[in-house]
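Open the model in your viewer and keep the sequence panel in sight. Each stop below gives a selection and then says what is there.

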Amino acid sequence: LDTLEKWVTEIFSEIPNNGLPKPSFGHLTQPFDTPEFHKLYRVVPIRKVHSLTITWALPPQEQYYRVKPLHYISWLVGHEGKGSVLSFLRKKFWALALYGGNGETGFEQNSTYSIFSISVTLTDEGYKHFYEVAHVVFQYVKMLQKRGPDQRIWEEIQKIEANEFHYQEQTDPVDYVENLCENMQLFQKEDFLTGDQLLFEYKPEV
């Protein structure tokens, strides 16, 4: 560690600090408030696959990284057990797979907006009924909204993510450093190592 610290100091100490604040684009609200939004787009695929993707543009969520509300919602939406959206759609032979969430890339989550998407891989029969499939997805989201957050489920996700963090395989050092450098732009100092993976605080209002 002493050697590494010496190298880092030698290499990076000459880089000038211009004292400028981190740029923020938070004043640019509702970037997708255009006439083209709230519409259905049909795209002809290259592969023979039917996919229905529903996308919401939300207010920026990155400041809630200790709560991870989008992760909580994606966990419920992506659930595949009894009573789930996918279970219902499979029984009707309308869908093969379903996933939802936010990729936490700069495009999907930044200081202007956060994107949340639900994507359903449809069967040929499901493609014929894609309006009904979309309706089922919206019904499920509406049910979650009415029911409100559940602390037991949030704590279950928290434990699973903590286990995955503690028993994760060693990653490539270059990728690890790159990930940490990105985390330094997003999280408080004490959360550089854990902020992108762990859930810290249950706040139902968020």
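Select F107. Is this residue buried or exposed? F107 has a relative accessible area of 55%, and the cut-off for exposed is over 50%, so F107 counts as exposed. Keep in mind that this is a predicted model. F107 sits in the loop between strand 2 (95-101) and strand 3 (114-122). Show its surroundings. Leaving aside neighbours within four places in sequence, F107 is in contact with Y113 and I115.

Stay in that loop and select E104. E104 is also found between strand 2 and strand 3. Check its backbone. Its phi is positive, about 60°, although E104 is not a glycine. Most residues other than glycine have a negative phi. At 40% relative accessibility, E104 counts as partly exposed.

**Zoom out**

Now show the whole chain as a cartoon. You should find seven helices and three strands. From the N terminus on, the order is α-β-α-α-β-β-α-α-α-α. Along the principal axes, the C-alpha atoms fill a box of roughly 65 × 40 × 40 Å. The chain has 206 residues, and 29% of them count as buried. Take the contacts between residues at least 6 apart in sequence: 73% of these join residues at least 24 apart.

**Helix 6**

Select residues 151-166, which make up helix 6. This helix has 16 residues. From first C-alpha to last, helix 6 reaches 22 Å, close to the 22 Å expected at 1.5 Å a residue.

Which residues of helix 6 are buried? Color I153, W154, I157, E161 and F165. Look down the axis of helix 6: the buried residues fall within an arc of 110°, so they line one face of the helix. An α-helix has 3.6 residues a turn, so residues three or four places apart point the same way.

Turn to the other side of helix 6. R152, K159 and H166 are exposed there. Then turn back and add residues 69-77. This is helix 2, part of what covers the buried residues of helix 6.

**A buried glutamate**

Select E161 alone. E161 is buried yet has no salt bridge. Where is the nearest side chain of opposite charge? It belongs to K68, 8.3 Å away. A salt bridge would need a side-chain nitrogen within 4 Å of a carboxyl oxygen. Show the contacts of E161. Not counting residues up to four places away in sequence, E161 touches H71, W75, Q197, L198 and L199.

Move to K68. K68 lies in the loop between strand 1 (50-58) and helix 2. At 7% relative accessibility, K68 counts as buried. Its phi is near 55°, a positive value in a residue other than glycine.

**Salt bridges**

Side chains of opposite charge can pair when their charged atoms come close. A search of the whole structure finds eight salt bridges.

Start with E201 and R66. Their closest N and O atoms are 3.0 Å apart. This pair links distant parts of the chain, with the two positions 135 residues apart. E201 is in the segment after helix 7 (173-186), and R66 is in the loop between strand 1 and helix 2. E201 is partly exposed, with a relative accessible area of 26%. R66 is partly exposed as well, at 25%.

Add K203. K203 forms a salt bridge with E201, with 3.4 Å between the closest N and O atoms. K203 is partly exposed, with a relative accessible area of 37%. Now add D191 to the selection. R66, D191, E201 and K203 are linked in a network of salt bridges.

Go next to D150 and R147. They form a salt bridge with closest N and O atoms 3.1 Å apart. How do the two compare in exposure? D150 is buried, with a relative accessible area of 16%. R147 counts as exposed at 58% relative accessibility.

**Last stop: the annotated span**

Select residues 165-205. In UniProt, an unreviewed entry annotates this range as "domain: Peptidase M16 middle/third". The end C-alpha atoms of the span lie 26 Å apart. Of the residues in the span, 39% are helix and 0% are strand.

Methods. Residues are numbered from 1 along each chain as its sequence is written. This is a predicted model: local features need pLDDT of at least 70, side-chain atom pairs count only at pLDDT 80 or more; totals for chains, interfaces and linings use all residues. Side-chain values use heavy atoms; hydrogens and water are left out. UniProt positions are given in the numbering used here, feature names are shortened, and annotations may be inferred rather than shown by experiment. Helices (H or I, at least four residues) and strands (E, at least two) are DSSP runs, numbered from the N terminus. Buried means under 20% relative accessible area, exposed over 50%, partly exposed in between (1.4 Å probe, protein chains only). Lys and Arg count as positive and Asp and Glu as negative; His and the chain ends are not counted. Contact means heavy atoms within 4.5 Å. The expected span of a helix is 1.5 Å times one less than its number of residues. The arc is that of the directions from the helix axis to the C-beta atoms.
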